[in-house]
Amino acid sequence: MKATLAIAKRELNAYFDTLIGWLCLLGFSLISGLIFAWIVTAYTDPMAMMSGQAVDINKMLIPDYFGTISILILLLSPALSMRIFAEDIKQKSFELLLSSPISSTEIVVGKFLGACAYCAVLLLSTLPLIIVLIRYGEPDINVLAMNYLSTFLMASSCISLGMMFSAFTRSQLIALALSFISVLSLWFLFGLSQIAKGDAATVLAYISLLSHMEDMGKGVLHIKDLLYFTSFSAFFLFVSLQRLEAYRWQ
Amino acid sequence: MIEIQSLTKTYGTFKAIQNVSFSVPKGDVVGFLGPNGAGKTTTMRILCGCIGASSGEARINGMSVIEKPKDVKRGIGYLPETPPLYPNMIVQDYIEFCAAIKGVSNPKAATDKSLSLVGLQDVSHRIINNLSKGFRQRVGLAQALVHEPSVLVLDEPTSGLDPAQRIELRKLLKELSQGDITVILSTHILGEVESICNRAIIISRGEIVAQDTLSNLKSMENRIKLHVASGVDQLLPQFEAHPAINQVFDKGNGLIELEYNQEIRAEVAKMAVEYGILELSPASKLEDVYLRLTQGKV
């Protein structure tokens with residue numbers, strides 16, 4: 001456990017040791033701030049308000065905001081996960097992990113937790129905006145918490161997927177490209193599930209990450225959604241683990 | 001101590017090492033010699049649990065690397081040819097991280113001790129990427145020593161260093177070898193082995209071709225050096241006429257080298273004793289033995 005936490009801590013610090021970690025944080029904070037401003041402006045537009053529809057922060061503004069930043073994180077995640085294993089393998093620091101008294105599971109979990117912690121930092125950067133919302137509106141704290149949870153779960157799922165690609169190559173660029181194609185596919189699946197009909201729509205909605213965020217976005221936590229996100233991450237972590245074991249026995 | 005039995009590692013059809021067996025007693029400093037691609041790194045990586053062997057067994061302090069990997073790794077310090085560094089980290093943080101993943105109970109204290117051992121206190125707050133190659137090698141050595149291992153495995157620790165850095169590192173390794181620590185180091189530089197090690201293992205094309213003390217290895221070449229106080233003129237014709245002696249070399253100042261085809265050292269001593277024997281020793285260099293064993297020539 002101590003070793004896992006040490007790896008997680010190093011992994012989190014590694015993002016801030018390079019420019020990419022700070023740039024991602026800066027870019028995310030800026031864009032999420034702009035999205036917030038845009039959504040708030042759209043919902044408080046006098047023309048829209050004149051149509052007589054009252055703006056429900058909890059049912060419209062918050063889910064819309066988190067839905068949009070989820071897509072932002074989804075698109076950002078390949079850049080965050082590409083280095084997790086590929087960098088270690090390329091710069092030979094992987095030998096340190098392999099020759100240390102730690103199991104492959106501890107390495108995989110440690111690295112995953114570190115990357116998830118960075119995603120948590122990204123999400124925490126939106127707190128000032130949410131504080132503004134709390135100050136001037138009456139958001140349901142439960143809805144806010146569920147939206148944070150769903151976005152975090154979606155981010156960690158994307159990280160686990162990208163981590164797997166990173167474990168298969170020493171080229172960060174290849175890992176980035178493969179993860180980007182994969183997360184884009186997941187996004188398109190969500191789009192398809194919206195326009196498809198019948199059983200196809202049900203299947204597509206079940207596969208897509210984003211559709212599992214919809215109910216949580218409204219403040220409702222279903223075990224099936226929680227199970228989906230955890231099994232999604234667990235599957236890709238398991239594949240990464242197998243890759244690591246294969247690396248030892250290749 | 002290190003025990004390796006019938007170790008084989010294959011990559012597809014290519015056999016990187018085959019049937020490698022050797023043992024290194026506790027406290028010994030052993031040089032692991034061989035040309036590029038002979039299987040030194042593969043053997044060392046198996047020994048440290050980085051990769052698994054196709055067959056055979058490696059044991060450290062009586063424990064199998066495969067059966068008890070964590071216990072074994074707690075007792076091993078490994079410095080690969082390319083030090084396993086995180087270039088963007090600060091030296092102190094990096095060593096503390098290494099101590100933490102190696103299960104050291106007080107990483108901070110262990111880090112300070114390890115850094116002072118390799119003489120890195122002055123650069124402990126610098127970023128690894130900004131250090132010279134010699135210092136980076138020392139950081140790599142500090143990570144290998146931070147958990148106070150009983151076995152130290154060093155893969156070409158002086159490669160790429162300038163002569164001054166090489167001498168410094170050699171001095172450091174010599175100091176380390178004074179203790180109870182068992183060291184196995186691979187290198188291309190035979191002088192390094194002669195100055196640090198008391199034994200050598202020579203590997204060629206994936207197979208062990210010799211393993212012994214340095215003096216025994218040198219005597220494998222059937223060449224002796226005789227230094228007499230006087231009587232060179234009398235001795236030379238006697239040696240030339242002797243059927244067991246192939247060649248006689250007069251090196252001047254009473255020094256004669258003899259290449260023989262059967263054991264004649266006792267006889268040579270008897271012949272030279274009346275002229276005053278100053279020295280009678282193997283004349284071969286480790287280099288000669290190495291070249292003959294790895295390339296089949298002297």
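These are my notebook entries on a predicted model with chains A and B.

**Chain B, overall**

I started with the whole of chain B. I counted 11 helices and 14 strands there. Taken along the principal axes, the C-alpha atoms of chain B fill a box of roughly 70 × 45 × 30 Å. Chain B has 298 residues, and 41% of them count as buried. I also looked at sequence separation: among contacts in chain B with a separation of 6 or more, 67% are between residues 24 or more positions apart.

**Strand β1 of chain B and its partners**

Next I went to the N-terminal strands. Strand β1(B) covers residues 2–11, and I found it paired with β4(B), residues 55–60, in the antiparallel sense over 5 bridges. I noted one pair here: Thr8(B) stands opposite Ser55(B) of β4(B).

β1(B) also runs antiparallel to β2(B), residues 14–24, and 7 bridges join these two strands. For Lys9(B), I looked up the partner in β2(B) and got Ile17(B). The hairpin of β1(B) and β2(B) leaves 2 residues between the strands, and Gly12(B) has a positive phi near 65° there.

**Strand β9 of chain B**

I then picked β9(B), residues 199–204, and asked myself how many of its 6 residues are buried. I got 5, so I put the strand down as mostly covered, using the cut-off of 20 or more other C-beta atoms within 10 Å.

Which strands does β9(B) pair with? One is β3(B), residues 29–33, which pairs with β9(B) in the parallel sense over 4 bridges. In that pairing, Leu33(B) has Ile202(B) as its bridge partner. Another is β10(B), residues 207–213, which runs antiparallel to β9(B) and is joined to it by 6 bridges. From this second pairing I wrote down Arg199(B), which stands opposite Thr213(B) of β10(B). The β9(B)–β10(B) hairpin has 2 residues between the strands, and I found Arg205(B) in it with a positive phi near 45°.

**Where the chains touch**

On to the contact between the chains. It takes 25 residues from chain B and 20 residues from chain A. On the chain B side, I listed the elements that give two or more residues: α2(B) (69–74), β6(B) (76–79) and α3(B) (91–101). The largest share of that side comes from α3(B), with 4 residues. By class, I tallied 15 nonpolar, 6 polar and 4 charged residues on the side of chain B that touches chain A.

**Helix α3 of chain B**

That sent me to α3(B) itself. The helix is mostly covered, with 9 of its 11 residues buried. Among the buried ones I noted Val91(B), Tyr94(B), Phe97(B) and Ile101(B), and also Glu96(B). What covers the buried residues of α3(B)? I found that the cover includes α1(A) and α6(A) (94–98) from chain A, along with α4(B) (107–117) and α5(B) (133–145) from chain B. Just after α3(B), Gly103(B) takes a positive phi of about 75°.

**Glu95 of chain A**

Since α6(A) had come up, I looked at Glu95(A), which lies in that helix. Is Glu95(A) buried or exposed? I counted 23 C-beta neighbours inside 10 Å, so Glu95(A) counts as buried. Leaving aside neighbours within four places in sequence, I found Glu95(A) in contact with Cys50(B), Pro80(B) and Pro84(B). I also checked Leu244(A): it is 149 residues from Glu95(A) in sequence, and the two are 12 Å apart in space, C-alpha to C-alpha.

**Helices α1 and α7 of chain A**

Last, I took the other chain A helix from the α3(B) cover, α1(A). It spans residues 2–17, and its axis comes within 7 Å of that of α7(A), residues 104–124, crossing at roughly 40°. That angle makes α1(A) oblique to α7(A). I recorded the crossing as right-handed. The contact is made by residues including Ala3(A), Ile7(A), Leu12(A) and Tyr15(A) of α1(A), with Ile107(A), Gly110(A), Gly114(A) and Tyr118(A) among those of α7(A). By class, this helix contact has 11 nonpolar, 3 polar and 5 charged residues.

Terms used
Residues are numbered from 1 along each chain as its sequence is written. Chains are lettered from A and ligands numbered from 1 in the order in which they are written. This is a predicted model: local features need pLDDT of at least 70, side-chain atom pairs count only at pLDDT 80 or more; totals for chains, interfaces and linings use all residues. Axes are lines fitted to C-alpha atoms, for helices over the stretch in contact, and angles run from 0 to 180 degrees between N-to-C directions. Angles under 35 degrees count as roughly parallel, over 145 as roughly antiparallel, 65 to 115 as roughly perpendicular and the rest as oblique. A crossing is left-handed if the near helix is turned anticlockwise from the far one by less than a right angle, and right-handed if clockwise. Two residues are in contact if their C-beta atoms, placed from the backbone, lie within 7 Å. Ala, Val, Leu, Ile, Met, Phe, Trp, Tyr, Cys and Pro count as nonpolar, Asp, Glu, Lys and Arg as charged, and the others, Gly among them, as polar. A residue is buried if 20 or more other C-beta atoms lie within 10 Å of its own, exposed if 12 or fewer, and partly exposed in between; C-beta atoms are placed from the backbone. Two strands pair if DSSP finds at least two bridges between them.
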